[in-house]
Amino acid sequence: MEIVIALVIVAIVAWFVTGPLRRSRSQTEAADAGLEDPAIAEIEARKEAKYREIRDAELDRQQGKLSEADWRRQDAELRREAIEILKRLDRLRGQRSADN
């Protein structure tokens with residue numbers, strides 16, 4: 001059990017440390033130029049976090065930490081939340097382009 005916890009902690013630290021390397025060039029350029037709306041950036045961060053949760057749940061299922069029924073229920077809820085985040089992101093981007 002301690003090994004699993006240690007591996008999870010190492011994975012989380014590695015994820016945050018390599019964050020700047022995973023950013024796309026357009027995201028980096030927009031952030032550097034100050035062109036990115038903070039509200040959109042926050043929703044983007046939520047989207048990425050939700051995607052990580054979905055991948056983590058899939059990994060938990062594959063490793064036997066979640067039963068098939070529990071995984072299906074959790075996956076459905078996570079995907080429902082991800083869809084809401086994407087809709088909110090589309091609305092914000094639509095408002096931003098209408099303002100310009």
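Here are some numbered notes to help you find your way around this structure, which is a predicted model.

1. **The overall build.** Start with the secondary structure: the chain has 5 helices and 0 strands. Reading along the sequence gives the pattern α-α-α-α-α. Among these helices are H1, covering residues 2-17, as well as H4 (38-62) and H5 (68-99). Much of what follows concerns H4 and H5.

2. **Burial and surface.** The chain has 100 residues, and 15% of them count as buried. About 7,600 Å² of the chain is exposed, with carbon and sulfur atoms supplying 58% of that area. As for contacts with a separation of 6 or more, 68% of them link residues 24 or more positions apart.

3. **A nonpolar patch on the outside.** Have a look at Met1, Ile5, Ile9, Val13 and Val17, which make a nonpolar surface patch of about 540 Å². Valine 17, one of the patch residues, belongs to helix H1. Is valine 17 buried or exposed? Its relative accessibility is 60%, so valine 17 counts as exposed. As background, nonpolar side chains in soluble globular proteins tend to be buried together.

4. **The largest nonpolar core.** Now turn to the inside, where the largest nonpolar core consists of 6 residues: Ile54, Ala57, Leu66, Trp71, Leu78 and Ala82. Helices H4 and H5 each supply at least two residues of this core. The largest share, 3 residues, comes from H5.

5. **Tryptophan 71 and its contacts.** Tryptophan 71 is a good residue to click on, being one of the members of that core. Which residues does tryptophan 71 contact, leaving aside its neighbours within four places in sequence? They are Ala57, Glu58, Arg61 and Leu66. Of this group, Ala57 and Leu66 also appear in the list of core residues.

6. **Helix H4 end to end.** H4 has 25 residues, and at 1.5 Å a residue it should span 36 Å. The C-alpha atoms at its ends are 36 Å apart, which agrees with that expectation. The buried residues in H4 are Ile40, Ile43, Glu44, Lys47, Lys50, Ile54 and Ala57. What do these buried residues pack against? Their packing partner is H5.

7. **Two buried charged residues in H4.** The buried list for H4 includes Glu44 and Lys47, and these two deserve a moment. Glutamate 44 has a relative accessible area of 11%, while the value for lysine 47 is 14%; buried here means under 20%, so both residues qualify. Their side chains meet in a salt bridge, with a distance of 3.1 Å from N to O. Because glutamate 44 and lysine 47 are 3 residues apart in helix H4, about one helical turn separates them. More broadly, side chains of opposite charge can pair when their charged atoms come close.

8. **Where glutamate 44 reaches.** Glutamate 44 sits in helix H4. Not counting residues up to four places away in sequence, glutamate 44 touches Leu89 and Arg93.

9. **Salt bridges within H5.** How many salt bridges does the structure hold? There are 13. One of them joins arginine 79 to aspartate 75, where the closest N and O atoms are 2.8 Å apart. Both residues lie in helix H5, 4 residues apart, or about one turn of the helix. Aspartate 75 is buried, with a relative accessible area of 11%, whereas arginine 79 is partly exposed at 42% relative accessibility.

10. **A second pair in H5, and a network.** Glutamate 77 and arginine 80 also form a salt bridge through their side chains, at 2.9 Å from N to O. This pair lies in helix H5 too, 3 residues apart, about one turn of the helix. Both partners are partly exposed: glutamate 77 has a relative accessible area of 35%, and arginine 80 has 48%. Elsewhere, salt bridges that share partners join Glu44, Lys47, Glu48 and Arg93 into one network. Two members of that network, Glu44 and Lys47, are the buried pair of point 7.

Technical notes
Residues are numbered from 1 along each chain as its sequence is written. This is a predicted model: local features need pLDDT of at least 70, side-chain atom pairs count only at pLDDT 80 or more; totals for chains, interfaces and linings use all residues. Side-chain values use heavy atoms; hydrogens and water are left out. Patches are made of residues with over 30% relative accessible area and no salt bridge: like charges are joined within 9 Å, nonpolar side chains (Val, Leu, Ile, Met, Phe, Trp, Tyr) within 5 Å. Accessible areas come from the Shrake-Rupley method with a 1.4 Å probe; for residues, only the protein chains shown count as cover. A salt bridge is a side-chain nitrogen of Lys or Arg within 4 Å of a carboxyl oxygen of Asp or Glu. Buried means under 20% relative accessible area, exposed over 50%, partly exposed in between (1.4 Å probe, protein chains only). Contact means heavy atoms within 4.5 Å. A nonpolar core is a set of buried Ala, Val, Leu, Ile, Met, Phe, Trp, Tyr and Cys residues joined through side-chain atoms within 4.5 Å. The expected span of a helix is 1.5 Å times one less than its number of residues.
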